Amino acid sequence: KVFVDVACLMRDEQSYIRKAFTHWFLDAGIFVSEYPWDADYIVSVLVRVAGTDGDQFSLGVPSIPIPLTTSITTPALGIFDQMIQEGRVEMEVMIYSAKTGIKEKIPTLRGNSYYKKYVILFIPFTRKNIP
């Protein structure tokens, strides 16, 4: 049995990262305890970096309101549209026995992800490295 303890700067990310580790352990057949005193091992996760960044670019004619009407606009005509979303995570993981305190440090975990969507003359293209 393991207990997953996560420390990071952003409170919202903390529960997500704990759940991600919990799912990973459960998929590996390892029971995850909700309480540290009930676990055989403590998995201490220190999140150094976890975040996303995005950018958007459009080339074409934007939608334009038609004069003398209240809410009618022309459609936007895009020649080229680009949307990029990138993510990065870096964390340190230490596993130690709850009974003896013997420690084992895992090498720093790093990960990157991206999602890129392009539309060229109404034809969409997508590139990503996430399922």
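Five strands make up an open sheet in this predicted model, and their order is β1-β2-β3-β4-β5, with mixed pairing. At the edges stand β1 (2-7) and β5 (123-128), each with a single partner strand, so one side of each has no neighbour in the sheet. From one strand to the next, the twist averages 20 degrees. Helix α1 packs on this sheet and touches β1, β2, β3 and β4, while its direction makes about 150 degrees with that of β1.

**How the strands pair**

- As background, strands of a sheet pair through backbone hydrogen bonds, and they can do this in a parallel or an antiparallel way.
- Strand β2 (residues 41-61) runs antiparallel to strand β3 (residues 77-97), and 20 bridges join the two.
- To find your place in this pairing, look for Val45, which stands opposite Val93 in β3.
- Next along, β3 is joined to strand β4 (residues 103-120) by 16 bridges, and these two also run antiparallel.
- Here Met83 is a handy marker, with Lys117 in β4 as its bridge partner.
- Six bridges link β4 to β5, again in an antiparallel arrangement.
- Two pairs to look for are Val119 with its bridge partner Pro124 in β5, and Tyr115 with its bridge partner Lys128 in β5.

**The turns between strands**

- β3 and β4 form a hairpin with five residues between them.
- Within that turn, Gly101 has a positive phi of about 80 degrees.
- The hairpin of β4 and β5 has two residues between the strands, and Leu121 takes a positive phi near 50 degrees there.

**The nonpolar core**

- A general point first: in soluble globular proteins, nonpolar side chains tend to be buried together.
- In this model, the largest nonpolar core has 13 residues.
- Those with the most contacts inside the core are Val4, Ile17, Phe21, Phe25, Val45 and Val47.
- At least two residues of this core come from each of β1, α1, β2 and β3.
- Ile17 is a good residue to follow: leaving aside neighbours within four places in sequence, Ile17 is in contact with Val6, Val45, Val47, Ala50 and Met91.

**The largest pocket**

- Rolling a probe the size of a water molecule over the atoms shows where empty space is left.
- The largest pocket holds about 720 Å³ of space.
- It is lined by 28 residues, and the closest to its centre are Tyr16, Ile17, Ala20, Val89 and Met91.
- α1, β2, β3 and β4 each supply at least two residues of this lining.
- Ile17 therefore appears twice in this briefing, among the core residues with the most contacts and among the lining residues closest to the pocket centre.

**A look at Glu34**

- Glu34 is found in the loop between α1 (11-27) and β2.
- Is Glu34 buried or exposed? Glu34 is exposed, because its relative accessible area is 54%, and exposed means over 50%.
- Not counting residues up to four places away in sequence, Glu34 touches Phe3 and Arg18.
- Glu34 and Ala7 are 27 residues apart in sequence, and their C-alpha atoms are 16 Å apart in space.

Key: Residues are numbered from 1 along each chain as its sequence is written. This is a predicted model: local features need pLDDT of at least 70, side-chain atom pairs count only at pLDDT 80 or more; totals for chains, interfaces and linings use all residues. Side-chain values use heavy atoms; hydrogens and water are left out. Two strands pair if DSSP finds at least two bridges between them. Helices (H or I, at least four residues) and strands (E, at least two) are DSSP runs, numbered from the N terminus. Buried means under 20% relative accessible area, exposed over 50%, partly exposed in between (1.4 Å probe, protein chains only). Contact means heavy atoms within 4.5 Å. Axes are lines fitted to C-alpha atoms, for helices over the stretch in contact, and angles run from 0 to 180 degrees between N-to-C directions. A nonpolar core is a set of buried Ala, Val, Leu, Ile, Met, Phe, Trp, Tyr and Cys residues joined through side-chain atoms within 4.5 Å. On a 1 Å grid over the protein atoms alone, a cavity is a set of points where a 1.4 Å probe fits but cannot get out, and a pocket is an open set with protein on both sides within 12 Å along at least five of seven lines; lining residues have an atom within 4 Å of a point. Grid points are joined across faces, edges and corners, and a volume is the space filled by probe spheres set on the points.
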